[in-house]
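Reader: I should like to learn how to read a structural model of this kind, feature by feature. Where should one begin?

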Amino acid sequence: MLVDFGQASLWVSLASITFNPTFWNIAAQREYHTKWITKLCGNDPQRGCYAIAVTIFVLGLIRDMLFNHALAQQPQMALLDTHFVKLVAACLVGSGMTLVLSSTYMLGITGTFLGDYFGILMDARVTGFPFNVLDNPMYVGSTLSFIGVSLWHARPAGLLVAAYVWLVYHIALQFEGPFTSMIYAKRNAEPTAAKRKKKL
């Protein structure tokens with residue numbers, strides 16, 4: 001048996017993976033429309049953004065803890081338990097972390113953690129590494145890390161979870177991408193509208 005679907009820890013891990021992007025998309029879109037997080041943080045959008053950043057970071061740590069716990073209860077595959085596979089796994093985790101950390105560095109805290117939903121917009125699109133290589137390097141990097149950890153522990157179940165991680169991210173992007181584009185399109189349209197009013 002390559003995957004033990006009878007282990008409750010596997011389903012708990014999948015639930016956590018599903019919950020995180022669902023939570024931050026709903027919370028951020030509600031923030032954009034109602035400013036509920038900003039209001040809870042003393043009407044300070046910067047503080048509100050940092051609050052959700054901490055929340056997302058902690059949820060990520062919990063997700064990773066649950067994933068590692070689930071892996072420990074899954075069967076190993078002898079074909080994956082080799083030095084070569086471990087080398088590949090280390091490269092994948094290293095590449096994944098590089099993409100995640102370099103993305104965070106380029107975007108900053110508010111750019112990484114939904115600052116645009118709080119009205120904290122970037123002046124221009126980030127085009128440096130890793131955004132000159134991938135459109136969504138943080139999601140790709142996270143998925144690579146899941147694959148790498150799964151290979152390191154020689155657990156096929158982890159590869160199944162990693163595929164699910166990518167699916168969840170792909171679905172999340174269907175909501176995040178258009179919504180973020182709308183925010184910036186609205187920002188870019190405001191100067192034009194202001195110029196028209198002056199002419200009138």
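The dialogue below moves from the overall fold to individual helices and loops.

Author: One begins with the status of the model, which is predicted. The secondary structure comes next: the protein has six helices and zero strands, so by element its order from the N terminus is α-α-α-α-α-α.

Reader: What does the C-alpha trace span along its principal axes?

Author: The trace spans about 75 × 35 × 25 Å along those axes. Of the 200 residues in the protein, 38% are buried. The exposed area is about 11,500 Å², with carbon and sulfur atoms supplying 68% of it.

Reader: How much of the contact total comes from residues 24 or more positions apart?

Author: Among contacts with a separation of 6 or more, such residues account for 82%. Charge can be treated in a similar global way: the protein has 15 positive and 10 negative charges, and their mean positions are 13 Å apart.

Reader: How does one compare the span of a helix with that of a straight one, taking helix H4 as the case?

Author: The expected span is 1.5 Å times one less than the number of residues. Helix H4, residues 83-112, would span 44 Å if straight, but its end C-alpha atoms are only 35 Å apart.

Reader: Where does H4 bend, and by how much?

Author: The bend is at Met106 and amounts to about 75°. Helix H5 (137-152) offers a second case: its 16 residues reach 22 Å from the first C-alpha to the last, close to the 22 Å expected.

Reader: Which helices do the buried residues of H4 pack against?

Author: They pack against helix H3 (45-72) and helix H5. The buried residues of H4 include Val85, Ala89, Gly96, Leu99 and Val100, and also Ser102, Ser103 and Leu107. In H5 the buried residues include Pro137, Tyr139, Gly141, Phe146 and Leu151.

Reader: Is Met97 buried, partly exposed or exposed?

Author: Burial is judged by relative accessible area: under 20% is buried, over 50% is exposed, and values in between are partly exposed. Met97 is found in helix H4, and because its relative accessible area is 38%, Met97 is classed as partly exposed. Sequence distance and spatial distance should also be read side by side: Met97 and Met138 are 41 residues apart in sequence, while their C-alpha atoms are 8.7 Å apart in space.

Reader: I should next like to consider the backbone angles. Which value does phi of Lys35 take, and in which loop is the place of Lys35?

Author: Phi of Lys35 is near 60°, a positive value in a residue other than glycine. Lys35 is in the loop between helix H1 (8-34) and helix H2 (36-40). Its relative accessible area is 30%, so Lys35 is partly exposed.

Reader: How does Asn43 read by the same approach?

Author: Asn43 also has a positive phi, near 60°, and lies in the loop between H2 and H3. Asn43 is exposed, because its relative accessible area is 60%.

Reader: Which residues with positive phi follow H4 and H5?

Author: H4 is followed by Leu114, with a positive phi near 65°. Just after H5, Ala154 takes a positive phi of about 60°.

Reader: Is the peptide bond from Phe129 to Pro130 cis or trans?

Author: One reads this from omega, which is near 5° for the bond from Phe129 to Pro130; the bond is cis. Pro130 lies in the loop between H4 and H5.

Note on methods. Residues numbered from 1 in each chain as written. Predicted model: local features only at pLDDT ≥ 70, side-chain atom pairs only at ≥ 80, totals over all residues. Heavy atoms only, no water. Helix = DSSP H or I, 4+ residues; strand = E, 2+ residues; numbered from the N terminus. Buried < 20%, exposed > 50% of the residue type's maximum accessible area, 1.4 Å probe, protein only. Contact = heavy atoms within 4.5 Å. Areas by Shrake-Rupley, 256 points an atom, 1.4 Å probe, with all protein chains shown as cover. Lys, Arg positive; Asp, Glu negative; His and termini not counted. Charge placed at Lys NZ, Arg CZ, Asp CG, Glu CD. Bend = angle between axes of the 7 residues up to and from the residue.
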